[in-house]
Amino acid sequence: MQAVGFVLSVLACVGHARRVQTKTEDVRDWEAENIALHRAGEVNDAELGLANLKMAMRDPSFMSEVAEGLRHPEGRAELIKMMANPSFQEQANNVAEQMKLNGVPADFLKLEYYAQVTKPASVPSRRSGARMETLDDLIELAEENPGPFGYWDPLKLSEQEFWGQSNEATIGFLRHAEIKHGRVAMAGFVGYCVHENGIRWPFPLSTSLPDYSSFEGLSAPAVWDATPLAARLQILGVIGFFEFWSEWKTALDGDDMDHYMRGGKPGYFPRFNQGVISNPLTPLNLFDPFGFTTDLSEEEKATKLYREINNGRLAMIGLFSLISEARVPGAVPALSGLIKPYNGEVMGPFTVNDASLPGVTTMLENVPKILPYLNK
């Protein structure tokens, strides 16, 4: 609210200062229109500031004039007087609340926002959801997140330019990767806990596994190794399809979205029944299949996004603590004796029993050279 009030008061002061110049100096058409509305009483001071803001963000010369005016004592004095006026404070608060009700995003004070929504008609505009996040946006997101850590990037990854792409594209990649891995980790953590507590499906997994006797006493990672090869290949195939679909430009275009490295929404998964595919076999979407988030406000969506990010980070730590304790008993003292041990390779999807698959033998022969602990 303070930032909104300050910006509106600055531009309202400019409007007041320009009123006496309309007959002696060349004033922009939109300035004259806004001044006329204010004189007629159709807009108050705060609304005048907002009207000026909408046009000023597209007019660098006007912003230069604003800065020049604030360099003089008279300009600063008028600004302070207006900001201290209780009537203006109330007007600014009402304008801010109305903007919030109208769904105006929090980044409306940034040039990037106006570059997206106010491009000239002769220039093809980007999709409404496209927005390249910058390092400042990333820091702001971290500071607004109610988690305890704030912005923390010891490896300076967010300042890099992966694969020769821009820094903004790199930030999009990192944001998408964190959200996606957090979602997988949340599912994996729950699945790990479910198995360790002996919870089973009430039906056979396949015709070759009529019961769960082959899984008894196994740790969660060992269950994967004991699962029939055909079942594991099906799982990997479905995961591969999800990866392909989330990256496929045609699927994103059908959903009117951009790639996350081109201004699209990080973590977004294209709907199955929109644009590209529309048939009874895919009636529901992978994300929010029952439409629970459809009627949420932007504020509620932002709150849930923060929760998802924090829960995903915690799940990634939690899942790897379980895996670490299983692979190296005692590695996580708090879990000592609570997790079944596992002596396989947690990062390898196949074992020696799958040597018939192309490349598996080569992988098994070379992985121990890279991971010396496997030789112990």
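# Worked exercises on a helical chain

I339 sits in the loop between helix 13 (298-327) and helix 14 (360-370). Helices here are DSSP runs of H or I with at least four residues, strands are E runs of at least two, and both are numbered from the N terminus. The model is predicted: local features need pLDDT of at least 70, side-chain atom pairs count only at pLDDT 80 or more, and totals for chains, interfaces and linings use all residues. Residues are numbered from 1 along each chain as its sequence is written, and side-chain values use heavy atoms, with hydrogens and water left out.

## Exercise 1: a loop residue

Decide whether I339 is buried or exposed, and list what I339 touches.

*Solution.* Start with accessibility. I339 has a relative accessible area of 15%, so this residue is buried; buried means under 20%, exposed over 50%, and partly exposed in between, with a 1.4 Å probe and protein chains only.

Next, look for partners. Setting aside residues up to four places away in sequence, I339 touches Y192, E196, L322, E325 and A326. A contact means heavy atoms within 4.5 Å.

Finally, check a C-alpha distance. I339 and A220 are 9.2 Å apart from C-alpha to C-alpha, with their positions 119 residues apart in sequence.

## Exercise 2: the whole chain

Describe the chain by its secondary structure, its burial and its exposed area.

*Solution.* First, count the elements: the chain has 14 helices and zero strands.

Second, turn to burial: 33% of the 376 residues count as buried.

Third, take the contacts. Among those between residues at least 6 apart in sequence, 57% join residues at least 24 apart.

Last comes the surface. About 23,200 Å² is exposed, and carbon and sulfur atoms supply 61% of that area. Accessible areas come from the Shrake-Rupley method with a 1.4 Å probe, and for residues only the protein chains shown count as cover.

## Exercise 3: two helices and the loop before them

Work out how helix 8 meets helix 9, then place E133 and T134.

*Solution.* Begin with a general point: two packed helices are described by the angle between their axes and the distance between the axes. For helix 8 and helix 9 (residues 167-196), the axes come within 9 Å and cross at roughly 35°. Axes are lines fitted to C-alpha atoms, for helices over the stretch in contact, and angles run from 0 to 180 degrees between N-to-C directions.

Now name the residues. L135, L138 and L141 of helix 8 meet N167, I171 and R175 of helix 9. By class, this contact has four nonpolar, one polar and one charged residues. Ala, Val, Leu, Ile, Met, Phe, Trp, Tyr, Cys and Pro count as nonpolar, Asp, Glu, Lys and Arg as charged, and the others, Gly among them, as polar.

Then step back to the loop between helix 7 (111-117) and helix 8 (135-144), where E133 lies. E133 has 18% relative accessibility and therefore counts as buried. Beyond neighbours within four places in sequence, E133 is in contact with E168, I171, R175 and P266. The side chains of E133 and R175 are joined by a polar contact of 3.0 Å. A polar contact is a pair of N or O atoms within 3.5 Å; within protein, one must be able to donate a hydrogen and the other to accept it, and residues adjacent in sequence count only if both atoms are side-chain atoms.

T134 is also in the loop between helix 7 and helix 8. T134 is buried too, at a relative accessible area of 15%. Its C-alpha lies 8.8 Å from that of G172, 38 residues away in sequence.

## Exercise 4: annotated positions

Trace the contacts of R183 and E308, and compare the accessibility of W152 with the cut-offs.

*Solution.* Start from the record. UniProt, in an unreviewed entry, places "binding site" at R183, and lists W152, S158, E178, H181, E308, N311 and R313 for this feature name. The positions are given in the numbering used here, feature names are shortened, and annotations may be inferred rather than shown by experiment.

R183 belongs to helix 9 and is partly exposed at 27% relative accessibility. Neighbours within four places aside, R183 is in contact with G267, F287 and E308. Its side chain reaches the backbone oxygen of G267 at 2.7 Å.

E308 lies in helix 13, and its side chain makes a polar contact of 2.6 Å with the side chain of R183. With neighbours within four places left aside, E308 is in contact with I179, R183 and M186.

To finish, W152 falls in the loop between helix 8 and helix 9 and is exposed, with a relative accessible area of 70%. N311, in helix 13, counts as partly exposed at 43%.
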